Amino acid sequence: MEIFRGKSVLQGIAIGKLYVYEKKESSWTKQTVQDVEAEIVRFQKARENAIGELDDLYQDALAQVGEENAMIFDVHKMMLDDLDYVEAIEACIRTDSVNAEYAVTVTGEEFSAMFSAMDDDYMRARAADVLDISSRVVRILEGRDDAGLHTKEPVIILADDLSPSETIQMDKTKILAVVTKHGSANSHTAILARSLNIPSLVNTDVEISKEYHGKEAVVDGVTGTLFIEPEAEVLDQKKKEQAEIKEKNERLKLLIGKENVTKDGRSIKLYANMGNVEDVDKVLANDAGGIGLFRSEFLYLGRDDFPTEEEQFAAYKEVVSRMEGKKVIIRTLDIGADKKADYFGLDVEENPALGYRAIRICLMQPEIFKTQLRAIYRASAFGTVSIMFPMIISVEEIRKIKGIVEEVKEELTRKGISFGAVELGIMIETPAAAIVSEELAKEVGFFSIGTNDLTQYTLAIDRQNQKLEPFYDSHHPAVLKLIEMTVQNGHKAGIWVGICGELGADDTLTETFLDMGLDELSVSPTYILKLRDRIRNIG
Ligand code: PEP
Ligand code: MG
């Protein structure tokens, strides 16, 4: 038995086999090759493997989501067999004496540009597909794993680190727990794990080795321990503790349908945070009063191109419709820092958390912003939608945003497309926003305090940096004072104020938040019933 310690992200226990996940980052460079025929054979082998992978994906998708949705993998297979595409790659290797990775990438880009320029909608849509198949072949050429989990049984993932875009692509039904050597408890990957109710450890003192692959393990999120090949006694004990946690969660289910009211009659709304459309199942199962933070940027991660207006509309509409009139607060695109998507073409920055991100991208590239706003407004016809904007620092930004929102509404009205009454709010997650919250409150319908970033920016501590975790203190008086000040200024202007950062789920502060007068706490679905229990015992 080997024992390792990590920082727990979610209190739960998982028992299962380890799955060692290797990094997905690409590292090829353009190279001249001597033996072009051997390079063509290398390409052909990778192409055949890619077709094999797509066969498997097609079969899995057929069983899980039906023929219509599985079809895309068949289309990709056909594209990999397309003679024009294959011959163009071979010609590139032969004439330029270059490595297959380079030939596949440039040919993919050329074909994609050609498809994009076509009149036919169907062919235009193939532009992203040809990039997709090309990156699959390049990945195989490099001998990298894909983000998919090649396992029939659910597993415990053991990885060096995971990015939000890698996590988003994994089949969540196959994940029992996640253990990473690096990573911070405040990162979005940790937040994702929490929202999926997956016990996870970050910053664990384990060396990632392929030797662990397939070995039995226990992840104890209560004590932050990983046991590899546990002794029989430990295994028995952990199974018992796992059953106790399950029983406790069953007991909490009795609170479904009950009010979030203290013994002395004070009430607060409990909403849920979510990132993927599938999360709505958990939101509903845990009886959330609404969705207080839909991290819409997750729709943009783990893909090769921007999600179209139609794709976004379908996602928002599904969430809004399933919530059946309960409020859904969609946070507009908060890309940047740890949430990266290559196709945005963002520069590498010295200080990405202080960089070109979130609302700054939306205001500088309004077409990206408008596509999202159109999709959200269209979905608003199907339920109750609010929109909130991240990383706000000034009144001027809000005025610009409102101008763009008006243009979108006018465009939809002109086209006869219906939409609902949408409440607009902002996140208070920069010290600047909290300090000028009196002025900001006059411009919007609500405030939602993002304590994750508010802590990061107030304390000047990178939330991604695992070394600084001992200093990352969301209970710091400066953070709590900014929260209180925001609530007071919001209420002075007659608007409601909530918290959607992770601190909202910290039950040692629930009473403090009630005393401050917060109107709403939006937390991972897993925490809703626990907090309801806490609230009902106060007073
Ligand atoms: C926050 O910063 O507290 C927040 C809710 O947003 P995110 O964690 O997605 O940055
Ligand atoms: Mg934030």
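In which sense, parallel or antiparallel, do β2 and strand β6 (residues 200–202) pair, and over how many bridges? In this predicted model, for which local features need pLDDT of at least 70, side-chain atom pairs count only at pLDDT 80 or more, and totals for chains, interfaces and linings use all residues, the two strands pair in the antiparallel sense over two bridges. Residues are numbered from 1 along each chain as its sequence is written, chains are lettered from A and ligands numbered from 1 in the order in which they are written, and side-chain values use heavy atoms, with hydrogens and water left out.

Strands and helices are DSSP runs numbered from the N terminus, a helix being H or I over at least four residues and a strand E over at least two, and two strands are taken to pair if DSSP finds at least two bridges between them. On these terms β2 belongs to an open sheet of eight strands with mixed pairing, whose order is β1-β8-β7-β3-β4-β5-β6-β2. The edges of this sheet are formed by β1 (2–5) and β2 (7–8), each of which pairs on one side only. Within the pairing of β2 with β6, S8 has L201 as its bridge partner. Helix α8 (residues 232–252) packs on the sheet and touches β3 (13–21), β7 (216–220) and β8 (225–228), where contact means heavy atoms within 4.5 Å. The direction of α8 makes about 115 degrees with that of β3; axes here are lines fitted to C-alpha atoms, for helices over the stretch in contact, and angles run from 0 to 180 degrees between N-to-C directions.

Strand β5 (residues 175–180) of the open sheet has five of its six residues buried, so it is largely enclosed by the rest of the structure; buried means under 20% relative accessible area, exposed over 50%, and partly exposed in between, with a 1.4 Å probe and protein chains only. Strand β4 (residues 155–159) pairs with β5 in the parallel sense over five bridges, and A159 has T180 of β5 as its bridge partner. Two bridges join β5 to β6, and these strands also run parallel, with V178 standing opposite S200 of β6.

A closed barrel of eight strands, with parallel pairing, runs β9-β10-β11-β12-β13-β14-β15-β16. On average, neighbouring strands of this sheet are turned by 25 degrees against each other, direction ignored. Strand β9 (residues 269–274) and strand β10 (residues 291–295) run parallel and are joined by three bridges, and M274 stands opposite F294 in β10. Helix α19 (residues 525–536) packs on this sheet by touching β9 and β16 (520–523), and its direction makes about 165 degrees with that of β9.

The magnesium ion (ligand 2) has as its protein donors E429 (OE) and D453 (OD), which lie 2.0 to 2.1 Å from the ion; donors are N, O and S atoms within 2.8 Å of the metal (3.2 Å for Na, K and Ca), and because water is not among the atoms, sites may look incomplete. Since E429 lies in the loop between β13 (423–428) and α14 (431–435) whereas D453 lies in helix α16 (residues 451–459), the pair ties together parts that are 24 residues apart in sequence. Both E429 and D453 are buried. Helix α16 is itself mostly covered, eight of its nine residues being buried. The elements that cover the buried residues of α16 include α7 (188–195), β10, α14, β14 (446–449), α17 (477–492) and β15 (496–499). Just after α16, A460 takes a positive phi of about 55 degrees.

Helix α10 (residues 309–322) and helix α12 (residues 366–379) pack at an angle of about 35 degrees, their axes lying 8 Å apart. The contact involves E309, E310, Q312, F313, Y316, K317 and V320 of α10, together with T371, Q372, R374, A375, I376, R378 and A379 of α12. Of these helix residues, T371 is buried, with a relative accessible area of 19%. Not counting residues up to four places away in sequence, T371 touches T308, E309 and Q312. The C-alpha atoms of T371 and V20, which are 351 residues apart along the chain, are separated by 39 Å.
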